[in-house]
Amino acid sequence: MTGRADRVPVRTDLEDLEPYGAPQLDVPVRLNTNETAEPPPSEYLEAVASRLGDLGLNRYPDRSHAELRQRLAEALGTTAERVWAANGSNEILLQLLQAYGGPDRRLLLFRPGYSMYPVIARVTMTPIVEHDLPEDFVPTVETVEKAADRHAPHVVFLANPNNPTGIRAEREVIRALHDAAPQALVVVDEAYVEFGGVSVIDLIEQLPRLVVVRTFSKAFRLAGLRLGYLAGQPWVVDDVRRVRLPYHLDTIKQLAAITALEMQDVFLEHRARVAAERTRITGSLRTMPDVEPFPSDANFVLFRLPQAKRAFEAMLERGVLVRDFSDRPRLEGCLRVTIGTVAENDEFLAALRKVAG
């Protein structure tokens, strides 16, 4: 007779996989997760609250979130059949690999890049092939063409602007990547594009295998809402519907997103303040000995300095939390700071001067 097991073992290929997540520490200045420092407009919260009573929460939500897709399509200048939404852009990426990845499909990633991409690949059993960006981290036509030719991928993920570097890829680079990978779904992750990147969402009708992914978590100031979306060909939407969970997007979330789209001008007006603070922080970093900031079109700045880990710990002791990338390949000695409020940014700069001076 077989003995009773105390637990069921996890899949062997996941035994060493650590759950993704930046530290969530209770410190006065938390600048490590690229959230927007300013909360949503008060009139938005009032508008959502006033509409909650009209929701039939005893009924399942609209499976196809038709009204939300129509509103997104209008905002993007496309049609609803080309748009799909899910619980954050990470779920969009998961659904794309569920539909187009798998054990016999290769996912091409560029280093350095978003650390969640390999995690999503592993849980969908999708093999990864990686290609290094140039030394300055700026994507070039030559780099992407070489990567596509060498690896012959089935899916490509490219963040634009990149995370964690903040550096953007120009439109001709995206076009070259699409053309150089003739069998691949080319997924451009535009999570930070509203802060100053170069969008390629208008190219989805010209480039048949291009998918653009966006989020409400960053420029829309709604990280707690957990809503992302894609724009692509209608067949992409049809295919992700094959793998989505039933009623995956709840009724309250659909209402909250529709209301945000109605008020998007009010939501996005803070971007000029983010850009001004990004310029100020970058300029201040350049005045510090041995500190090298990278150019950024996002709401964060990556910078390199000697003894980065010691600097990270010393700032944390002073109540300032940034993101430590100093142990990551291609990012040795690098830390990343999210653009916060003016007061938070002042605290960060003061703490770094003390530990880096």
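For the purposes of classifying lining residues, Ala, Val, Leu, Ile, Met, Phe, Trp, Tyr, Cys and Pro count as nonpolar, Asp, Glu, Lys and Arg as charged, and the others, Gly among them, as polar. The structure described here is a predicted model, and on this classification the lining of its second largest pocket comprises ten nonpolar, two polar and three charged residues. This second largest pocket holds about 250 Å³ of space. Of the 15 residues that line the second largest pocket, R111, G113, S115, E130 and R328 are the closest to its centre. Strand 3 and helix 4 each contribute at least two residues to this lining, and strand 3 gives the most, with three residues.

The largest pocket has a volume of about 620 Å³. It is lined by 31 residues, of which Y20, T33, N90, Y114 and K218 are the closest to its centre. By class, the lining of the largest pocket divides into twelve nonpolar, twelve polar and seven charged residues.

Rolling a probe the size of a water molecule over the atoms shows where empty space is left. Apart from the pockets, the structure holds one cavity of 30 Å³ or more, and about 40 Å³ of space lies in the largest cavity. The lining of the largest cavity is made up of F110, P112, G113, Y117, L133, F157, L158, A159 and N162, with strand 5 giving the most, at three residues. Seven of these lining residues are nonpolar and two are polar, whereas no charged residue takes part. G113 thus appears both in the lining of the largest cavity and among the residues closest to the centre of the second largest pocket.

Several backbone features depart from the general pattern, in which most residues other than glycine have a negative phi and most peptide bonds are trans. A cis peptide bond joins R111 and P112, with omega at about -5°; P112, which also lines the largest cavity, lies in the loop between strand 3 (107–111) and helix 4 (116–123). The peptide bond from N163 to P164 is likewise cis, with omega near 25°, and P164 is placed in the loop between strand 5 (155–159) and helix 6 (171–180).

Positive phi values are found at A152 and R226, neither of which is glycine. At A152 phi is near 45°, and this residue occupies the loop between helix 5 (141–151) and strand 5. With a relative accessible area of 41%, A152 is partly exposed, since this class covers values between the limits of 20% for buried and 50% for exposed residues. At R226 phi is near 60°, and the residue belongs to the loop between strand 7 (210–215) and strand 8 (228–231). R226 is also partly exposed, its relative accessible area being 35%.

The structure holds twelve aromatic pairs. One of them is formed by Y114 and Y117, whose rings are arranged edge-to-face, at 5.1 Å centre to centre and with 85° between the planes. Y114 counts as buried because its relative accessibility is 15%, and Y117 counts as buried at 4%, both values being under 20%. The two partners also border empty space, as Y114 is among the residues closest to the centre of the largest pocket and Y117 lines the largest cavity. A further pair, that of F216 and F220, is tilted, with 4.7 Å centre to centre and 40° between the planes, and both of its members are buried. F216 and F220 also belong to one aromatic cluster, together with Y44, Y229 and F267. Elsewhere, the charged end of R336 sits over the ring of F300, at 5.3 Å from its centre.

Y44, a member of the aromatic cluster, is also one of the buried residues of helix 1 (residues 42–52), the others being A47 and V48. Seen down the axis of helix 1, these buried residues fall within an arc of 95°, so they line one face of the helix. In general, an α-helix has 3.6 residues a turn, so residues three or four places apart point the same way. The face of helix 1 turned away from the buried side carries E46 and S50, which are exposed.

Key
Residues are numbered from 1 along each chain as its sequence is written. This is a predicted model: local features need pLDDT of at least 70, side-chain atom pairs count only at pLDDT 80 or more; totals for chains, interfaces and linings use all residues. Side-chain values use heavy atoms; hydrogens and water are left out. Helices (H or I, at least four residues) and strands (E, at least two) are DSSP runs, numbered from the N terminus. Buried means under 20% relative accessible area, exposed over 50%, partly exposed in between (1.4 Å probe, protein chains only). Rings of Phe, Tyr and Trp (its six-membered ring) pair if their centres lie within 6.5 Å; planes under 30 degrees apart count as stacked, over 60 as edge-to-face and the rest as tilted. A charge sits over a ring if NZ of Lys or CZ of Arg is within 6 Å of the ring centre and within 35 degrees of the ring normal. On a 1 Å grid over the protein atoms alone, a cavity is a set of points where a 1.4 Å probe fits but cannot get out, and a pocket is an open set with protein on both sides within 12 Å along at least five of seven lines; lining residues have an atom within 4 Å of a point. Grid points are joined across faces, edges and corners, and a volume is the space filled by probe spheres set on the points. The arc is that of the directions from the helix axis to the C-beta atoms.
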